[in-house]
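I opened the notebook to go through cores, salt bridges and one or two single residues. The entries follow in the order I looked things up.

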Amino acid sequence: MLIVISFTWSAKLCAQSCPENIGFENGNFQNWKIYAGSIAIENNQNVVTMNEVAKPISGRHSIINNKNLIDQYGGFPLIPPSGGNFSVKLGNNVTGSQIDGISYLMTVPADRPEFTITYQYAVVLEDPIHEPFEQPRFIARIKDVAKNEYIPCASFEYVATSSLPDFKKSADYEGVIYKDWSPVTINLSGYQGKQLLIEFISTDCSRGAHFGYAYVDINNVCGDPITGNTYCASSDALDISGPSGFQTYNWYNEDRSVKYGSGQSISIKPKPANGSKVVLDLVPYAGFGCQSTVSTLIHGIDYELKVLAKDVVCQNTEIDLSSAKYLLNKSDDFTYLVYEDKDLTKQISGPIKILGDNTFYIKATNYKGCESVAPINISVLNIVNITTKNPGAVCYTESVDITKAELYIGELGGITKSYYTDEAATNTIADPQHIAVSGRYFIKLSNEFGCSKIVSIDVIIKDKPILKVTNPKPVCIAAKVDITAATHFLGSDATFKYSFYADKELTHLLTDPTQIDKSGTYYVKVTNVDGCTVSDKIEVTISDMPVLHIKNPETACYPDKIDISNPALYVGSGDRLSYSFFYDETLTNQITSPKAIAKAGTYYVKASNDGGCFTSGKIQVSFNTTPIIVLNKPKGVFDNGFVDLTAKEITKGSSEFVKAGYFEDEDLKRPLPDPAKVSRVGIYYISIQNEKGCMVSASIELEILPQPKIIVPTAFTPQKETNNRLYPFLVGVQKLISFKVYNKWGILVYQSADLANGGWDGQFKSKMQPLETFSWFAEGIDIFGGKIQSKGKTILIL
């Protein structure tokens, strides 16, 4: 359920403050107390138990500020159309015997013997058809704090039932009834100066399975219960209205001899006399208040608006035509509207910026419809008529004086000028007589009355002409250069007029700039269509023929390569030369890799200078034959021997050479300390050099093998799973000649030449020999073909 409360006082009291935030217009619950609790039934009576809570409970005490929201059950807006900007929702559609409430403690003004509270309410309740005392409900009541009693005619309980006045059934939710916003006025006349506690409470059903909730919106409007009791002297009728929410309204004169009519609002014609009393009988709806009578005195007003007839202001001044300066008899009983036309169709709100002479119209109206209109003439001081004209454009080498009087049109007597770069007149121009940058500048015109006006002047400083100079390509001696050619000025203005000079000061005009025959710096001056000039220099290079000195490279050893681009070969040649190399004297077949010449012969060098001049010459390349190296791998030796790498057999088959070298590495940087006695296996390197100084190298691999050995275990176990055969192990032996075993009596018990049977199994003549020591003898051929013999003893273990 939603309840809206407003306080309606007389027009003269409208300026008084209503209780702070009684209408929730602060957007919160300031000055309100918040409650939550539960509902129960005792002796067939509805018992409400509530406790104050420190802050609103989410979803149960809600401030609403969106006027576009509607209730999901009733489809009505959550803020009443005639209400303020906020409303409060008490409760929700969650069940559970919940109670939610708020209260506000206020004091009725002591000077208000007649006082009313008007509220609007909207309610959403489930109607479970329980007993009345069990139904969901909404409670609105007012307590006299001093007496600790609820005022009977100001306390109501809205219990869920389809018989409630103006309640409707929800179209989409069965069992839900609702009532759209409805106003109710409670007469509290006679309570002036007393404290009253306003309470709003929404509850679920006491059984806990059905919900009820309400919305509350409090309007901060203060006034009498009867409005419209003031009329204009010129009107012929009185339009008067009573408070909202009653069933019957009957209007009478003071002694009730005349009944003016019925209804909340009526028009009394002819209007009652000034100072007479009108009486209104109020009959509430059954169960919602008490019958009462209120009255009001009729006031006639004879008001003519008086204004300041004329005012003179500075241009762009903002004035408030509704202020006391212009409204000479301004009254709190009237509202004042400002119009810019005499037909009062173009209303102006707020302060007005005065741009020129004009007449405005003020309309005074009170809430009874009294009207009075008066014109006000506003004039602008003549500083507004001063304008400017822009100075002519000048070249980039010149400046503009914006202080010149000829740039200002109008009467300048008594006017002072100040100059700025910005329209806000904050950045002063240091030298307004010499403006050298294009742009809009601002002049503040001020007169003796304190009026000022900002005018602008546009200054155009023509850009520096764009002259782009490309120096002509260098040429060789005897050639001539045309410095007027268009190719030297690509990217420059097409409208330029050119002149050429021999000096930087541009005093010596060249006689024929198309036939320059001497290197040097020359100068060009251009003038564009605006008459602006700019100059620049142009460099001419006429080069001599280059000097080329060639030194043939030293003879190389084949297959080495020769770098004919080596600068050392051209020492004594001219500076800043570029070289290219060719196979032929006509310089048509260019060498792509001059750093790696691999063939003897005559080649050709072309030397060019910056001027494009060149000369050429021959360069001779020669190679010596590299010796042929043949290395013969020596026979392997055992590790107690060595290899002589200096032996002639090693290099047998090589070319004649005068010098040999022996090295550990391929780069020939680590010589062998004693190449005649090499005792380590590995790869070594030998180099040979012929009488021409050409050298070649190759690798050779040496085999150094361990000493040959025949090894036999010192014991074996013929009856075990392992070590059950006796046989020799061969190290560096390529073939076993014989292996023989003797017992302690010298009898041969086993012999073999190839151990095809896997060795001796400990038996002699098919009998296992006893535990004792046996002697063995073995003979074989090592890997180099030499004979090796070995002997020893072994123990047979059973």
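These are my entries on this predicted model.

**Cores.** I began with the largest nonpolar core, which has 37 residues. Phe24, Trp32, Ile142, Leu188 and Phe200 touch the most other members. I then listed the elements that give two or more residues to this core; among them are strand E5 (87-90), strand E6 (98-107), strand E8 (137-144) and strand E13 (195-203). Strand E7 gives the most, with 5 residues. I also found a second, separate core of 24 residues, including Tyr303, Val313, Ile352 and Ile362.

**Salt bridges.** I counted 13 salt bridges. I looked up three pairs and one network.

Arg60 pairs with Asp100, with the closest N and O atoms 2.7 Å apart. Arg60 is in the loop between strands E3 and E4 while Asp100 is in strand E6, so this pair ties together parts 40 residues apart in sequence. I noted both Arg60 and Asp100 as buried.

Asp563 and Lys595 form a salt bridge at 3.8 Å, N to O. Asp563 sits in the loop between strands E40 and E41, and Lys595 in the loop between E41 and E42, so the pair ties together parts that are 32 residues apart in sequence. Which accessibility class does Asp563 fall into? Asp563 has a relative accessible area of 26%, so I entered it as partly exposed. Lys595 is exposed, at 58% relative accessibility.

The third pair is Lys787 with Glu779, at 3.4 Å from N to O. Lys787 is exposed, with a relative accessible area of 57%, whereas Glu779 is buried at 13%.

The network of salt bridges links Glu664, Arg670 and Arg680.

**Tyr684.** I turned next to Tyr684, which lies in strand E47 (residues 682-689). Is Tyr684 buried or exposed? Its relative accessibility is 4%, so I put it down as buried. Leaving aside neighbours within four places in sequence, I found Tyr684 in contact with residues including Leu645, Phe663, Leu672, Val678 and Ile700. Glu664, a member of the salt-bridge network, is also one of the contacts of Tyr684. Arg680 belongs to that network too, and the side chain of Tyr684 reaches the backbone oxygen of Arg680 at 3.1 Å. I also took the C-alpha separation of Tyr684 and Gly356: 111 Å, for residues 328 apart along the chain.

**Surface.** Last, I looked up a nonpolar surface patch of about 320 Å², made by Ile711, Tyr727, Phe729 and Val731. Val731 is in strand E52 (residues 729-731). At 32% relative accessibility, Val731 is partly exposed.

Terms used. Residues are numbered from 1 along each chain as its sequence is written. This is a predicted model: local features need pLDDT of at least 70, side-chain atom pairs count only at pLDDT 80 or more; totals for chains, interfaces and linings use all residues. Side-chain values use heavy atoms; hydrogens and water are left out. Patches are made of residues with over 30% relative accessible area and no salt bridge: like charges are joined within 9 Å, nonpolar side chains (Val, Leu, Ile, Met, Phe, Trp, Tyr) within 5 Å. Accessible areas come from the Shrake-Rupley method with a 1.4 Å probe; for residues, only the protein chains shown count as cover. A salt bridge is a side-chain nitrogen of Lys or Arg within 4 Å of a carboxyl oxygen of Asp or Glu. Helices (H or I, at least four residues) and strands (E, at least two) are DSSP runs, numbered from the N terminus. Buried means under 20% relative accessible area, exposed over 50%, partly exposed in between (1.4 Å probe, protein chains only). Contact means heavy atoms within 4.5 Å. A polar contact is a pair of N or O atoms within 3.5 Å; within protein, one must be able to donate a hydrogen and the other to accept it, and residues adjacent in sequence count only if both atoms are side-chain atoms. A nonpolar core is a set of buried Ala, Val, Leu, Ile, Met, Phe, Trp, Tyr and Cys residues joined through side-chain atoms within 4.5 Å.
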